[in-house]
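Work through the following exercises with the sequence and the model side by side. Try each task before reading its solution.

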Amino acid sequence: MTTDRAAFIYGADAYPYKFSETHPFHPLRLQLTHSLLEQMDALDNTTTISPKRATDDELALIHDPTFIEAVKEGGAGTLQNGKAETFGLGTEDTPVFPNMHEASSYLVGGTLAACDAVLRDGYQHAFHLGGGLHHGFRGRASGFCVYNDSSIAIEYMRQTYNARVLYIDTDAHHGDGVQWAFYEDPDVCTLSIHETGRYLFPGTGHVTEKGSGKGFGYSINIPLDAFTEDESFLHAYKESLREAVEFFRPDLILTQNGADAHYYDPLSHLHLSIDAFKEIPRMVHEIAHEYCEGRWVAIGGGGYDKWRVVPRAWSYIWLAMTEQLHLAEGDIPKSWLDQWQNQATEILPSTWSDPAFPTIPRRAEITEKNRLTVEKALYHIRREQNKQR
């Protein structure tokens with residue numbers, strides 16, 4: 001494959017999704033990733049699509065109009081504190097900021113553009129760096145997420161293209177907003193592999209959350225123990241990915257690619273190295289070609305070590321899409337290091353690999369616990385598959 005079969009959704013706009021300079025969800029993550037790919041010449045001959053703002057009607061595919069109006073008021077500085085709290089705005093996690101509606105609409109519009117690129121314009125893959133907000137609800141912002149572009153995109157593809165969508169979420173935090181939006185929908189399957197909610201926001205994503213009504217069995221959760229390492233995480237991912245896609249038979253795969261399961265990340269307790277973030281998109285790329293003619297849309301998500309982790313982790317997604325993973329071997333381009341090191345608050349990684357780090361003492365116990373969790377999570381799917389055989 002060459003880059004002309006994949007679309008890259010990216011564009012500097014006048015309304016960055018930026019809560020503050022010190023907020024962990026900072027748009028510099030996108031710029032750093034784009035810059036790294038440029039310095040590697042990985043974007044040569046690439047179709048780059050600049051996002052347009054999602055319309056209010058598109059936002060209303062998931063969100064209540066009263067919530068949309070509250071977001072507009074927040075961005076204009078006219079939202080009263082009491083009303084803001086009702087809609088999950090003005091909190092420490094999701095503070096209001098100028099032009100919040102416009103910035104959030106551009107973010108949603110980028111993810112919708114990625115969906116159109118694949119389902120309308122004939123690209124096999126599309127990657128929107130700015131997407132992946134998965135905590136927002138119909139009438140409430142949550143966990144750094146104002147509008148839930150992930151849920152809006154799924155509903156948009158359902159209504160516009162009559163597509164069956166498999167949503168795969170590997171953010172350390174459970175994709176609660178997406179799960180609950182489609183909890184009763186048999187044409188959407190959500191698979192979330194995340195740190196257990198016993199220790200981490202949002203506290204959901206238990207194995208027992210399997211969907212309801214006609215959607216029973218189409219919500220799959222694999223909550224992993226804190227300090228899970230690469231081998232155990234990738235076992236859970238590989239097992240659940242293949243079984244979910246064989247069970248559900250999607251028309252398209254949408255992946256949310258949070259990079260906050262890395263052991264450098266300050267907001268989770270998982271213990272992955274950068275090697276895992278190379279394998280995750282490589283495997284889904286292979287599966288997409290095997291089961292749904294390559295149709296794969298990837299979006300960003302969490303990831304709060306913006307200097308050392310996110311640029312490498314998200315670059316791997318594009319490199320896997322375009323079969324350029326060979327470019328990510330050895331050293332990071334010196335030109336990228338020279339461009340950013342003076343601004344960075346960390347020593348930037350000089351190689352694609354991570355330095356060796358100590359094995360967790362409870363590794364065997366954690367691995368076995370995760371193996372049993374995978375078995376429980378996939379039990380229903382396996383039972384249904386056996387019935388069909």
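The exercises below deal with helices, their packing, one buried loop residue and some backbone details. The model is predicted, so that local features need pLDDT of at least 70 and side-chain atom pairs count only at pLDDT 80 or more, while totals for chains, interfaces and linings use all residues. Residues are numbered from 1 along each chain as its sequence is written, and side-chain values use heavy atoms, with hydrogens and water left out.

**Exercise 1.** Compare the expected span of helix 6 with the distance between its end C-alpha atoms, and describe its burial and its ends.

*Solution.* Helices (H or I, at least four residues) and strands (E, at least two) are DSSP runs, numbered from the N terminus. The expected span of a helix is 1.5 Å times one less than its number of residues. For helix 6, residues 149-161, the 13 residues should therefore span 18 Å, and the end C-alpha atoms, 17 Å apart, agree with this. Turning to burial, where buried means under 20% relative accessible area, exposed over 50% and partly exposed in between (1.4 Å probe, protein chains only), 10 of the 13 residues are buried, so helix 6 is largely enclosed by the rest of the structure. The buried residues include Ile152, Ala153 and Ile154. At the N-terminal end, Asn148 acts as a cap, with a side-chain oxygen 3.2 Å from the backbone nitrogen of Ser150. Just after the helix, Asn162 takes a positive phi of about 50°.

**Exercise 2.** Describe how helix 1 and helix 10 cross, and which residues make the contact.

*Solution.* Axes are lines fitted to C-alpha atoms, for helices over the stretch in contact, and angles run from 0 to 180 degrees between N-to-C directions. The axes of helix 1 (residues 28-39) and helix 10 (residues 310-321) come within 9 Å and cross at roughly 55°. The contact, meaning heavy atoms within 4.5 Å, involves Arg29, Leu30, Leu32, Thr33, Leu36 and Leu37 of helix 1, and Val310, Pro311, Arg312, Trp314, Ser315, Trp318 and Leu319 of helix 10. Angles under 35 degrees count as roughly parallel, over 145 as roughly antiparallel, 65 to 115 as roughly perpendicular and the rest as oblique, and helix 1 and helix 10 are therefore oblique to each other.

**Exercise 3.** Locate Asp354, and determine which side chains make polar contacts with its side chain.

*Solution.* Asp354 is placed in the loop between helix 11 (334-340) and helix 12 (363-388), and is buried, with a relative accessible area of 16%. A polar contact is a pair of N or O atoms within 3.5 Å; within protein, one must be able to donate a hydrogen and the other to accept it, and residues adjacent in sequence count only if both atoms are side-chain atoms. The side chain of Asp354 makes such a contact with the side chain of His262 at 2.8 Å, and another, of 2.7 Å, with that of Arg312. Not counting residues up to four places away in sequence, Asp354 touches His262, Tyr263, Ser273, Ile274 and Arg312.

**Exercise 4.** Examine the backbone at Asn99, Phe227 and Pro202.

*Solution.* Most residues other than glycine have a negative phi, and most peptide bonds are trans. Asn99, in the loop between helix 4 (81-86) and helix 5, has a positive phi of about 60° and is partly exposed, with a relative accessible area of 33%. Phe227, in the loop between strand 6 and helix 8, has a positive phi of about 70°. The peptide bond from Phe201 to Pro202 is cis, with omega near 5°, and Pro202 lies in the loop between strand 5 (188-195) and strand 6 (219-224).
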